[in-house]
Amino acid sequence: MPISRRNFFCGTAATALSLTATKSMSANCVMPTQARQAAFTPQGAVNELMEGNARFLSGRPIKCDMRRLVLKTSTGQFPFAAVVSCIDSRVAAEMVFDQNNGDIFEARVAGNFVNTDILGSLEFACRVAGARAIVVMGHTECGAIKGAVDQVELGNLTEMLKQIEPAVQAAGPIDVRTSSDSEFVQKVADANVMLTVEAINKNSSVLADMVDSGELIIVGAMYDIATGKVNLIT
Ligand SMILES: [Zn+2]
């Protein structure tokens, strides 16, 4: 049986909530409808995220009535993009891109790499649910990157940090491998983003085929925790 975008992963939480909207939304609050999703080109989806980051930086985000959004999205979701980012508490994609309920998928793991689980999640987000762009977003001063540089060993972290080792190697060689070298740490963070973009293309034929056919774009980005600005990196 084909998977329906409407019935796959659709929540029913809205039915348990009181959803009488009493406040009006700002005029530029757009409902995440199927028609809106379909109107996005892949590049347009990236542009929308960057425009959202500009709103975030300006301190004038779009104000939406979340209760109306919950009600509107209770029968299906039509997000236009997916973001792979770090678990860092300062790097919530919905906030830094000024997006609301139903707008974007977000996969978060310390060090923003991809594994089979995240690739499968992205395949769902794009191939099944219709997202038009994937943004892999690293950030400055990333603790996971620093941990990988310092070769930290702690519980499951030891194994997880091995996922970032290729980026450490790509950023090197370096005489003294230490996270106190902030320039090297940032080089590793940049390399890690680009290696993750490559890994998505290399390890997911589903997503690579979508890129080849022009249905999807995959880009890298770096979030500056000191300024709030997202820069695309190539
Ligand atoms: Zn991080």
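Leaving aside neighbours within four places in sequence, which residues is His 139 in contact with? Keep that in mind while you get oriented; the stop at His 139 comes up shortly.

**Getting your bearings**

What you have open is a predicted model. Colour it by confidence to begin: the protein averages a pLDDT of 91, and 88% of the residues score at least 70. Now select residues 5-24, where pLDDT stays under 50. For that stretch the model has 25 contacts beyond four places in sequence, so read those with the low score in mind.

Switch to cartoon and you should find 10 helices and 5 strands. Of the 234 residues, 37% count as buried. Among contacts between residues at least 6 apart in sequence, 76% join residues at least 24 apart.

**Stop 1: His 139 in strand S3**

Select strand S3, residues 133-139, and pick out His 139. Back to the opening question: His 139 is in contact with Cys 86, Asp 88, Val 91, Met 222, Tyr 223 and Ile 225, once the neighbours within four places are set aside. His 139 is buried, because 23 other C-beta atoms lie within 10 Å. Draw a C-alpha to C-alpha distance from His 139 to Val 230 and you get 8.7 Å, for two residues 91 apart in sequence.

**Stop 2: Ile 218 in strand S4**

Next, select strand S4, residues 217-223, and go to Ile 218. Is Ile 218 buried or exposed? Ile 218 counts as buried, because it has 24 C-beta neighbours inside 10 Å. Show its surroundings: not counting residues up to four places away in sequence, Ile 218 touches Ile 134, Val 197, Ile 200, Asn 201 and Val 211. Then add Pro 42, which is 176 residues from Ile 218 in sequence but 8.7 Å from it in space, C-alpha to C-alpha.

**Stop 3: along helix H9**

Two of those contacts of Ile 218, Val 197 and Ile 200, are buried residues of H9, so this helix is a natural next selection. Select residues 182-203 to see all of H9: the helix has 22 residues and reaches 31 Å from its first C-alpha to its last, close to the 32 Å expected at 1.5 Å a residue. Show side chains for the buried set, which also includes Val 185, Val 188, Ala 189, Ala 191, Asn 192, Val 193, Leu 195 and Thr 196.

**Stop 4: where H5 meets H10**

Two packed helices are described by the angle between their axes and the distance between the axes. Select helix H5 (residues 116-128) and helix H10 (residues 205-212): they pack at about 35°, with axes 9 Å apart. The crossing is left-handed. For the contact itself, show Leu 122, Glu 123, Cys 126 and Arg 127 in H5, then Val 206, Leu 207 and Met 210 in H10. By type, the residues of this contact comprise 5 nonpolar, no polar and 2 charged.

**Stop 5: backbone oddities in the loops**

Which two residues does a cis peptide bond join? Select Gly 172 and Pro 173, where omega is about 0°. Pro 173 is in the loop between helix H8 (165-171) and H9.

Now jump to Asp 98, in the loop between helix H4 (93-96) and strand S2 (104-108). Its phi is positive, about 50°, although Asp 98 is not a glycine. Asp 98 counts as buried because it has 20 C-beta neighbours inside 10 Å, and the cut-off for buried is 20 or more.

Move along to Asn 112, in the loop between S2 and H5. Here too phi is positive in a residue other than glycine, with a value near 35°. Asn 112 has 31 C-beta neighbours inside 10 Å and therefore counts as buried.

**Stop 6: two partly exposed residues**

Finish with Asn 47, found in helix H2 (residues 42-58). Asn 47 counts as partly exposed because it has 13 C-beta neighbours inside 10 Å. Draw a line to Ala 133: the two C-alpha atoms are separated by 10.0 Å, with these positions 86 residues apart along the chain.

The other one is Pro 166, in helix H8. With 18 other C-beta atoms within 10 Å, Pro 166 is partly exposed. From its C-alpha to that of Ala 148, 18 residues apart along the chain, the separation is 9.9 Å.

Notes
Residues are numbered from 1 along each chain as its sequence is written. This is a predicted model: local features need pLDDT of at least 70, side-chain atom pairs count only at pLDDT 80 or more; totals for chains, interfaces and linings use all residues. Helices (H or I, at least four residues) and strands (E, at least two) are DSSP runs, numbered from the N terminus. A residue is buried if 20 or more other C-beta atoms lie within 10 Å of its own, exposed if 12 or fewer, and partly exposed in between; C-beta atoms are placed from the backbone. Two residues are in contact if their C-beta atoms, placed from the backbone, lie within 7 Å. pLDDT is the predictor's confidence in each residue, from 0 to 100. Axes are lines fitted to C-alpha atoms, for helices over the stretch in contact, and angles run from 0 to 180 degrees between N-to-C directions. A crossing is left-handed if the near helix is turned anticlockwise from the far one by less than a right angle, and right-handed if clockwise. Ala, Val, Leu, Ile, Met, Phe, Trp, Tyr, Cys and Pro count as nonpolar, Asp, Glu, Lys and Arg as charged, and the others, Gly among them, as polar. The expected span of a helix is 1.5 Å times one less than its number of residues.
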